[in-house]
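User: I am new to this structure. Please show it to me and explain the terms as we go.

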Amino acid sequence: KGKCPEDGWDESTIELFLHELAIMDSNNFLGNCGVGEREGRVASALVARRHYRLIHGIGRSGDISAVQPKAAGSSLLNKLTNSVVLDIIKLAGVRTVTSCFVVPMATGMSLTLCFLTLRHKRPKAKYIIWPRIDQKSCFKSMITAGFEPVVIENVLEGDELRTDVEAVEAKIKALGAENILCVHSTTSCFAPRVPDRLEELAVVCANYDIPHIVNNAYGVQSSKCMHLIQQGARVGRIDAFVQSLDKNFMVPVGGAVIAGFDESFIQEISKMYPGRASASPSLDVLITLLSLGASGYKQLLKERKEMFSYLSSELKKLADNHNERLLDTPHNPISLAMSLKNLDENNDAAVTQLGSMLFTRQVSGARVVPCGTVQTVNNYTFKGFMSHANDYPCAYLNAASAIGIKKQDVDVFLKRLDKCLKTFRKEAKQEKSVNEITNSNTGTEHLED
């Protein structure tokens, strides 16, 4: 059926299945005689076992999705993986998606591939409209493809940074629709930035006949992000959306999924990939989804959502205890932000120091964002880099509830964060006491004089 099985398979069944695929590849035939330059020869038996003897990779020189005659098993693996992943994307909320393929590049390079495919459709275009998100790989994806990003600053609404749709439309009118390659929007992001207004952007793209590429890096795990993509495609235009394998399916870094609603366009992107490709990301995600099954993946999505609620409520309590506050970002379904105003006011370096303290205490993934950081990326200078705005009102700390997170992770993080913040408060009190004593002594000396 080409769908993810409802219930996961056990390891021995998966291994049997992979061995059956492997013996369909010519390099594993008993009487094989190879006289070409690419015969699936592997010097190390350990490497062969690591790849289940699926050595030929996927695709052909002209198309990453094409079938290889000498590698029937690897080709079947590729087709099955794409089919199973498509089923999971539908299950996660984008019901009308028609096509997808796994590509052995992470999200940034996969976005570049999409932009390079659009170049042939819009040869005059030189600009990409990009609502600002302070993440280097999605920015560099446009530069690497040879286009000029047009940065649209976000609008502050309460604590949230939201898409300035009016500014996007004004910039399209100013530059001319024919000179714009696409709008490059984002779903999953660090709070206080929230997912772009995909429905409004999709309508603008449809009205001006401009392609729309969505960076959905870790959005598959969020029903809200997937709903935005589904709605955007329903009311307007979304040409492709790109998501990471490691962030959404808990496999090693190195793969992404490019998906869309027009099968012919997704095929065009796959044909843009030069040469064959590594089968490792496809193999990893297929093994993972076969072991989880559709029910196992749905359970992980459910647990992630529950942990987001738990993290939110507990982080709010901790923030209140330290005279800080959990920023109000209801449109962000994955990431949370807690203000660090007291830290920032007392000591300029304290915010950065908190990040170092958490990292040395084995807390990974939490980001501290000081005010006013200036960063230059490919000759573009961003003020307030990492905060997605030139002048966000306060410094803050990020924490996210991503797929696979456990209650223990949340509890340990909160305990260590609390301890670090108490250390700062203790130091601040001691410094205040020293200053008071110094001021008192100074005052007495003046009286004596």
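Analyst: Here are some labels and the reasons behind them. This is a predicted model, where local features need pLDDT of at least 70, side-chain atom pairs count only at pLDDT 80 or more, and totals for chains, interfaces and linings use all residues. Residues are numbered from 1 along each chain as its sequence is written, and side-chain values use heavy atoms, leaving out hydrogens and water.

User: Why does Ser75 count as buried?

Analyst: Buried means under 20% relative accessible area, exposed over 50%, partly exposed in between (1.4 Å probe, protein chains only). Ser75 has 7% relative accessibility, so Ser75 counts as buried.

User: Why is Trp9 called partly exposed?

Analyst: Its relative accessibility is 32%, so Trp9 falls in the class in between.

User: What makes Trp9 and Phe17 an edge-to-face pair?

Analyst: Rings of Phe, Tyr and Trp (its six-membered ring) pair if their centres lie within 6.5 Å; planes under 30 degrees apart are stacked, over 60 edge-to-face, the rest tilted. By this rule there are 9 aromatic pairs. For Trp9 and Phe17, the centres are 5.6 Å apart and the planes meet at 85°. The angle is over 60, so the pair is edge-to-face.

User: Why is the pair of Phe241 and Phe261 called tilted?

Analyst: The centres are 5.7 Å apart, with 35° between the planes. That angle is neither under 30 nor over 60, so the pair is tilted. Both Phe241 and Phe261 are buried.

User: How do you know that Arg367 sits over the ring of Phe190?

Analyst: A charge sits over a ring if NZ of Lys or CZ of Arg is within 6 Å of the ring centre and within 35 degrees of the ring normal. Arg367 lies over the face of Phe190, 3.8 Å from the ring centre.
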